[in-house]
Amino acid sequence: MEWYWLALLSALLSALAAILQKKVLFEISALRFSLIVSLFVAVFSTFLINNQTFTFFSIPSFIVLIFKSILNASAFLCIMIALKNLDLSRTLPLLATSPMIIAILAYIFLGESLTNLEISGMFLIVAGTYVLELKSNEKILQPLKIYIESKFHKIILLALLLMSVSSVLDKLLLTNFKLPPVTFLILQNYMFLIIFFIFWKIYCKKSGKENLFSGLPRNVIILIIVIAIVTIGYRWLQFESTKIAPVGLVISIKRLSVLFAVLIGAKIFKEENYFRKVVATLLIVAGALMIY
């Protein structure tokens with residue numbers, strides 16, 4: 001299958017996962033959800049192991065994978081915290097601004113030039129973000145103040161930085177270290193479980209709460225299991241497409257998941273100003289595609 005079909009399927013499954021995640025996060029905390037879903041993901045990943053799974057495994061790739069997994073797990077938790085406390089149509093479009101952040105960082109620290117198309121894409125992203133955050137009867141600079149005053153918007157910015165570095169390390173592991181996508185997927189999923197378990201134990205030590213599954217409704221557990229299966233699917237498809245094509249192209253198509261999730265999710269959850277949020281999302285996604 002061509003890489004772009006793999007990336008598009010990954011985007012569709014990622015959008016489905018985001019919608020289901022928002023539904024579950026109405027019921028439980030972001031950290032609790034992250035640990036439980038990583039537990040099911042790790043269990044289901046076991047079925048993917050075969051005799052060839054760890055053939056290309058090496059110590060240097062394992063060290064990079066540990067570092068990358070810590071960044072990725074931290075970013076995932078940040079996203080879940082933001083998704084729990086903000087509208088889905090406010091959280092996900094902001095995550096699609098990562099191409100702009102990567103391009104700006106590359107310009108500042110690596111001296112890479114910015115093309116007119118990339119600069120135009122940045123303007124679209126800024127415009128889309130402005131439209132997304134601007135509310136009726138607000139002052140014109142109010143959207144800018146949100147990023148200074150809202151802790152959840154700061155959490156999203158942190159997630160963007162962590163995701164940007166993690167994406168580069170994905171390509172390093174899959175191309176330079178020749179780590180097979182399935183091996184990558186399985187090891188990373190186990191890493192996530194360990195990392196979130198450590199986070200959970202730290203939280204329990206401070207709060208005194210330790211029973212992970214206590215009081216969870218049956219329908220919530222079923223939804224988490226579905227999310228786990230979908231998560232394995234979109235991660236594997238993304239790794240397969242990243243192995244074939246440039247990471248920038250893969251991520252740009254993967255960002256369409258934001259548009260799919262907002263179009264469907266914002267309707268399902270009956271979020272306000274639906275049309276304006278869809279337009280804002282279109283601007284942001286279009287800007288991201290232009291940068292890549």
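A contact here means heavy atoms within 4.5 Å of each other. By that yardstick, among contacts in the protein between residues at least 6 apart in sequence, 86% join residues at least 24 apart. This is a predicted model, where local features need pLDDT of at least 70 and side-chain atom pairs count only at pLDDT 80 or more, while totals for chains, interfaces and linings use all residues. Residues are numbered from 1 along each chain as its sequence is written, and side-chain values use heavy atoms, with hydrogens and water left out.

**Overall build**

- The protein has 13 helices and zero strands, where helices (H or I, at least four residues) and strands (E, at least two) are DSSP runs numbered from the N terminus.
- Reading from the N terminus, the element order is α-α-α-α-α-α-α-α-α-α-α-α-α.
- A compact globule of 292 residues would have a radius of gyration near 19 Å, and the protein agrees, with 19 Å. That radius is taken over C-alpha atoms, and the globule rule is 2.2 Å times the number of residues to the power 0.38.
- Along its principal axes, the C-alpha trace spans about 60 × 45 × 35 Å.

**Surface, burial and charge**

- Of the 292 residues, 51% are buried. Buried means under 20% relative accessible area, exposed means over 50%, and partly exposed is in between (1.4 Å probe, protein chains only).
- About 14300 Å² of the protein is exposed, and carbon and sulfur atoms supply 69% of that area. Accessible areas come from the Shrake-Rupley method with a 1.4 Å probe; for residues, only the protein chains shown count as cover.
- There are 26 positive and 13 negative charges, and their mean positions sit 7 Å apart. Lys and Arg count as positive and Asp and Glu as negative, with His and the chain ends not counted; each charge is placed at NZ of Lys, CZ of Arg, CG of Asp or CD of Glu.

**Salt bridges**

- Side chains of opposite charge can pair when their charged atoms come close.
- Searching the whole structure turns up two salt bridges, each being a side-chain nitrogen of Lys or Arg within 4 Å of a carboxyl oxygen of Asp or Glu.
- One of them joins the side chains of D170 and K68, at 2.9 Å from N to O. This pair links distant parts of the chain, with D170 in helix α8 (residues 151-176) and K68 in helix α3 (residues 59-85), 102 residues apart. D170 and K68 are both buried.
- The other salt bridge pairs K277 with D87, whose closest N and O atoms are 3.0 Å apart. Here too distant parts of the chain are linked: K277 is in helix α13 (residues 274-291), and D87 is in the loop between α3 and α4 (88-95), 190 residues apart.
- K277 counts as buried because its relative accessibility is 2%, whereas D87, at 30%, counts as partly exposed.

**Polar residues in helix α1**

- Q21 is found in helix α1 (residues 3-25), and its relative accessibility of 5% makes Q21 buried.
- Leaving aside neighbours within four places in sequence, Q21 is in contact with F33, F76, M80, L83 and I227.
- S10 is also in helix α1, and counts as buried at 0% relative accessibility.
- Not counting residues up to four places away in sequence, S10 touches Y234, L237, Q238 and K254.

**Loop residues with positive phi**

- K178 isn't a glycine, yet its phi is positive, near 55°. K178 belongs to the loop between α8 and α9 (181-207) and counts as exposed, at 57% relative accessibility.
- N273 is another non-glycine residue with a positive phi, near 55°. Its place is in the loop between α12 (256-268) and α13, and N273 is partly exposed, with a relative accessible area of 41%.
- N273 and S89 are 184 residues apart along the chain, but their C-alpha atoms are separated by 9.8 Å.

**A leucine pair across the sequence**

- L157 lies in helix α8 and counts as partly exposed, at 34% relative accessibility.
- From C-alpha to C-alpha, L157 and L94 are 8.3 Å apart in space, with their positions 63 residues apart in sequence.
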